[in-house]
Amino acid sequence: MVELKQVLTDIAKAIVDSPEQVVVTETADGDSVMLELHVAEDDMGKVIGRHGKIAKSIRLVMKAAANTIGKRVTVEIK
């Protein structure tokens, strides 16, 4: 089974300069899962990207992963 928290953690660690500061918190409510991604302040721009393109891509991948296990996911970047 796909572990959504681990998928998001792996994606974020691959993007940032300080992978040790990547923290993902998960809140589940029925079929909905809320993931909060916390990264170092210096890495925020890398995770968001120009005009939010990388953030949109991360959310798209996470929605596809969640869809394979019948869940709905929301990703917040903080």
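The dialogue below walks through a predicted model, from the overall fold to a few single residues.

Colleague: Where should I begin, and how many helices and strands are there in the chain?

Modeller: A fold is read by its elements and then by their order, and here the chain holds 3 helices and 3 strands, arranged along the sequence in the pattern α-β-β-α-α-β. The radius of gyration is 12 Å, close to the 12 Å that the globule rule gives for 78 residues, so the chain is as compact as a globular protein of that length. Along its principal axes, the C-alpha trace spans about 35 × 25 × 20 Å.

Colleague: What share of the contacts in the chain with a separation of 6 or more comes from residues 24 or more positions apart, and what share of the residues is buried?

Modeller: Those residues, 24 or more positions apart, account for 54% of such contacts, while buried residues make up 31% of the 78 in the chain. As for the surface, the chain exposes about 5100 Å², with carbon and sulfur atoms supplying 50% of that area. Among the side chains, 11 are positive and 12 are negative, and the centres of these two sets lie 8 Å apart.

Colleague: Turning to single residues, is Thr-9 buried or exposed, and what does its side chain reach?

Modeller: Burial is judged from relative accessible area, with buried meaning under 20%, so Thr-9, at 12%, is buried. Thr-9 sits in helix H1, which covers residues 4-15, and its side chain reaches the backbone oxygen of Lys-5 at 2.8 Å. Once neighbours within four places in sequence are left aside, Thr-9 is in contact with Val-22 and Val-24, of which Val-24 falls in strand E1, residues 23-29.

Colleague: What is the sign of phi at His-51, and where does this residue lie?

Modeller: The general idea is that most residues other than glycine have a negative phi. The phi of His-51 is near 55 degrees, a positive value in a residue other than glycine. His-51 lies in the loop between helix H2 (44-48) and helix H3 (53-68), and at 75% relative accessibility it counts as exposed.

Colleague: Which residues does Ala-66 contact, leaving aside its neighbours within four places in sequence?

Modeller: Ala-66, found in helix H3, is in contact with Leu-4, Lys-71 and Val-73 on that count. The relative accessibility of Ala-66 is 0%, so this residue counts as buried. The C-alpha atoms of Ala-66 and Val-39, which are 27 residues apart along the chain, are separated by 22 Å.

Colleague: Where does Val-39 lie, and which residues is it in contact with, beyond neighbours within four places in sequence?

Modeller: A loop residue can be read just as a helical one is, by its place, its accessibility and its contacts. Val-39 lies in the loop between strand E2 (32-38) and H2, and at 11% relative accessibility it counts as buried. Its contacts, with those neighbours left aside, are Val-16, Gln-21, Val-22, Met-44, Val-47 and Lys-78. Val-39 and Lys-56 are 17 residues apart in sequence and 16 Å apart in space, C-alpha to C-alpha.

Colleague: What does Gln-21 touch, not counting residues up to four places away in sequence?

Modeller: Gln-21, in the loop between H1 and strand E1, touches His-38, Val-39 and Ala-40. Gln-21 counts as partly exposed, at 42% relative accessibility. Measuring by C-alpha atoms, Gln-21 and Glu-41 are 9.7 Å apart in space and 20 residues apart in sequence.

Notes: Residues are numbered from 1 along each chain as its sequence is written. This is a predicted model: local features need pLDDT of at least 70, side-chain atom pairs count only at pLDDT 80 or more; totals for chains, interfaces and linings use all residues. Side-chain values use heavy atoms; hydrogens and water are left out. Helices (H or I, at least four residues) and strands (E, at least two) are DSSP runs, numbered from the N terminus. The radius of gyration is taken over C-alpha atoms; the globule rule is 2.2 Å times the number of residues to the power 0.38. Buried means under 20% relative accessible area, exposed over 50%, partly exposed in between (1.4 Å probe, protein chains only). Contact means heavy atoms within 4.5 Å. Accessible areas come from the Shrake-Rupley method with a 1.4 Å probe; for residues, only the protein chains shown count as cover. Lys and Arg count as positive and Asp and Glu as negative; His and the chain ends are not counted. The place of a charge is taken as NZ of Lys, CZ of Arg, CG of Asp or CD of Glu. A polar contact is a pair of N or O atoms within 3.5 Å; within protein, one must be able to donate a hydrogen and the other to accept it, and residues adjacent in sequence count only if both atoms are side-chain atoms.
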